[in-house]
Amino acid sequence: MGGTRKDTMRNPMFVYDEQLTTLILDYCRWRLALDPVPLDFGGAQAESLHASLKGLINPEGTDARRVMELFDNELATAVVSCDSPRFLSFIPAAPTKAALLFDMVVACSSLQGTSWMEAAGAVAAENQALGVLADLAGLPEGAGGCFVSGGSAGNLSALMVARDTAAHRMGDGAPTHPLVAISEEAHSSVGKALHVLGVEALLVPCEEHRLTGAALQAALDGHPRGDEVIAVVATGGTTNAGIIDDLAGVGAIAKERSMWFHVDGAYGCAALFAPSVRPRFDGIELVDSFVVDPHKWLFAPFDCAALVYREPHLAKAVHTQDASYLDVLHSDAPEEWNPSDYAYHLTRRARGLPLWFSLAVNGTDAYRDAVETVLAVTQETADLVERLDHLELIRRPELSVVLFRRNGWDRDEYERWSAKLLDDQIGFVVPTSWEGESVGRLALLHPDTTIDMIEEILATMA
Ligand SMILES: *Cc1c(COP(=O)(O)O)cnc(C)c1O
């Protein structure tokens, strides 16, 4: 029929459907209102999942009601709810209601945030949220970057800028095989990023699991290729134990040696909001780049990581994509800001907007209070562990991770306990390793996690 189709012949997939909309919005309303959120179960039997999915995708399509029922009963329950206040493994999540709801707005409006030309409104708002984070870190006016999918993507994008900026700055004197100094405690994504970039790591031994300026200095002086180190990565809150590196010491050496200074604060830099621990981050104002994941402790939905550069023009020189069809995106206008220029990506969802909306609606004081609440419950948890006879605290928590020992237990016992705890829907707590030993680990992040819940969980270890 050519290109002149009548309205009545529109493809039904693109026609507003009141019933479908109600079906989905009712589900969302119900899920948002769940209090408490049930923990549910992960790692279900693959056969039963495959059996329920069988034949669902077929040429004619399946009734939406049936698909949603299946999702609700069989699929959603086979995902551990990381937003449950009883989810205390890995790094949990605790998106605010405002952020979750606005995520739906981003989806329903197909909001993208690739370039200023196409999406100035979304980009301006995202940049406002980035500005809040840059200010907390004490970065000067002009700092900026973009939101990426996660800390891993942020670390890779920042280290790419570090590598290429050094090569450009040093010209003929640049090392053919540059190194980047990282601590033994750096997150696995940092090692992976260096692998992708073809850059070797100089592994700096830690003192008490913390990278210090002195340790970095000694490692650089003691290494035959110490002067080929072009960057250093410090961690603003290790994932396993919540330890903050000596950012001031490391930063000072980075400046002295003209090395790029990157801080991986994917988990911990949320605590820049908390006056009670802010001094531990002193030195972060020296960074050339840093990463913080709002989808972790800044209460945004997945997937949202903030990547901020001190001098964004350096990142732009590295990440701008050249293609004739993209030329139109780049002008000399000073207000032009293309998020695609600041990381390894092109098309991107305006994934910073749920955070932006929640910050705007709730105010930054609410963020400060939520982070402080979690820090306080963490300290209470450490006190409780110290009081309980069957447990031993491994170290005082700096942020919101508690490492502890159940006297006499080996890995198997921790794992059996952990599985039963989830079976009983009391908590999701998996063990970790500390200095070669299997130990208990509680990662707090949800402001609704109470000391009573923790007490209930720890009692099951007696
Ligand atoms: C979580 C985490 C990462 C990785 O972030 P993703 O968002 O999972 O990609 C990197 N570094 C640290 C310190 C983290 O805690």
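Trp-434 stands opposite Glu-437 in strand E11, and this pair is a convenient place to enter the structure, which is a predicted model. Strand E11 covers residues 437-443 and pairs with E10 in the antiparallel sense, over three bridges. Between E10 and E11 runs a loop that contains Glu-435, a residue other than glycine whose phi is nonetheless positive, near 50°. Glu-435 counts as exposed because its relative accessible area is 62%, and exposed here requires a value over 50%.

The two strands belong to an open sheet of four strands, arranged in the order E8-E9-E11-E10 with antiparallel pairing. Its edges are formed by strand E8, residues 391-393, and strand E10, residues 432-434, each of which pairs on one side only. Within this sheet, neighbouring strands are turned against each other by 50° on average, direction ignored.

A second open sheet is built from seven strands, which follow the order E1-E7-E6-E5-E4-E2-E3 and show mixed pairing. Here the edge strands are E1, residues 144-148, and E3, and each of them pairs on one side only. The average turn between neighbouring strands of this sheet is 20°, again with direction ignored. Strands of a sheet pair through backbone hydrogen bonds, and they may do so in either the parallel or the antiparallel sense.

Strand E2, residues 179-183, shows how one member of the seven-stranded sheet is set between its partners. With strand E4, residues 229-235, strand E2 pairs in the parallel sense over four bridges, and within that pairing Ala-181 has Val-232 of E4 as its bridge partner. With E3, strand E2 also pairs in the parallel sense, this time over five bridges, and there the bridge partner of Ser-183 is Val-204 in E3. How much of strand E2 is buried? Five of its five residues are buried, and the strand is accordingly described as mostly covered. Looking at the directions of the side chains, Leu-179, Ala-181 and Ser-183 point one way from E2, whereas Val-180 and Ile-182 point the other way, and all of these residues are buried.

The loop that lies between strand E3, residues 200-204, and helix H8, residues 213-222, holds Glu-208. Phi of Glu-208 is near 55°, a positive value in a residue other than glycine. Because its relative accessibility is 65%, Glu-208 counts as exposed.

From the sheets we can turn to the ligand, which is surrounded by 14 residues, the closest being Ser-152, Thr-239, Asp-264, Asp-293 and Lys-296. Sorted by class, the shell around the ligand consists of two nonpolar, nine polar and three charged residues. Which atoms of the ligand lie 2.8 Å from Gly-151 and 2.6 Å from Asp-264? An oxygen atom of the ligand is 2.8 Å from a polar backbone atom of Gly-151, and a ligand oxygen atom is also 2.7 Å from an N or O atom in the side chain of Thr-239. In the case of Asp-264, a polar side-chain atom lies 2.6 Å from a nitrogen atom of the ligand. Taken alone, the ligand exposes 380 Å², and the protein buries 85% of that area. Two elements give two or more residues to the shell around the ligand, namely helix H6, residues 151-170, and helix H10, residues 294-297. Helix H6 gives the most, with three residues.

Helix H6 is also the place of Ser-157. Ser-157 counts as buried because its relative accessibility is 2%, and buried means under 20%. A polar atom of the Ser-157 side chain lies 2.9 Å from the backbone oxygen of Ala-153.

Two cis peptide bonds complete this walk through the model. The bond from Asp-35 to Pro-36 is cis, with omega near 10°, and Pro-36 lies in the loop between helix H1, residues 18-33, and helix H2, residues 46-53. Another cis peptide bond joins Phe-302 and Asp-303, where omega is about -10°. Asp-303 lies in the loop between H10 and strand E7, residues 305-309; H10 is one of the helices that give residues to the ligand shell, while E7 takes its place beside E1 in the order of the seven-stranded sheet.

Methods
Residues numbered from 1 in each chain as written. Predicted model: local features only at pLDDT ≥ 70, side-chain atom pairs only at ≥ 80, totals over all residues. Heavy atoms only, no water. Pairing = 2+ DSSP bridges. Axes fitted to C-alpha atoms, helices over the stretch in contact; angles between N-to-C directions. Near = heavy atom within 4 Å. Polar contact = N/O pair within 3.5 Å; in protein donor to acceptor, adjacent residues only side chain to side chain. Areas by Shrake-Rupley, 256 points an atom, 1.4 Å probe, with all protein chains shown as cover. Nonpolar A, V, L, I, M, F, W, Y, C, P; charged D, E, K, R; others polar. Buried < 20%, exposed > 50% of the residue type's maximum accessible area, 1.4 Å probe, protein only.
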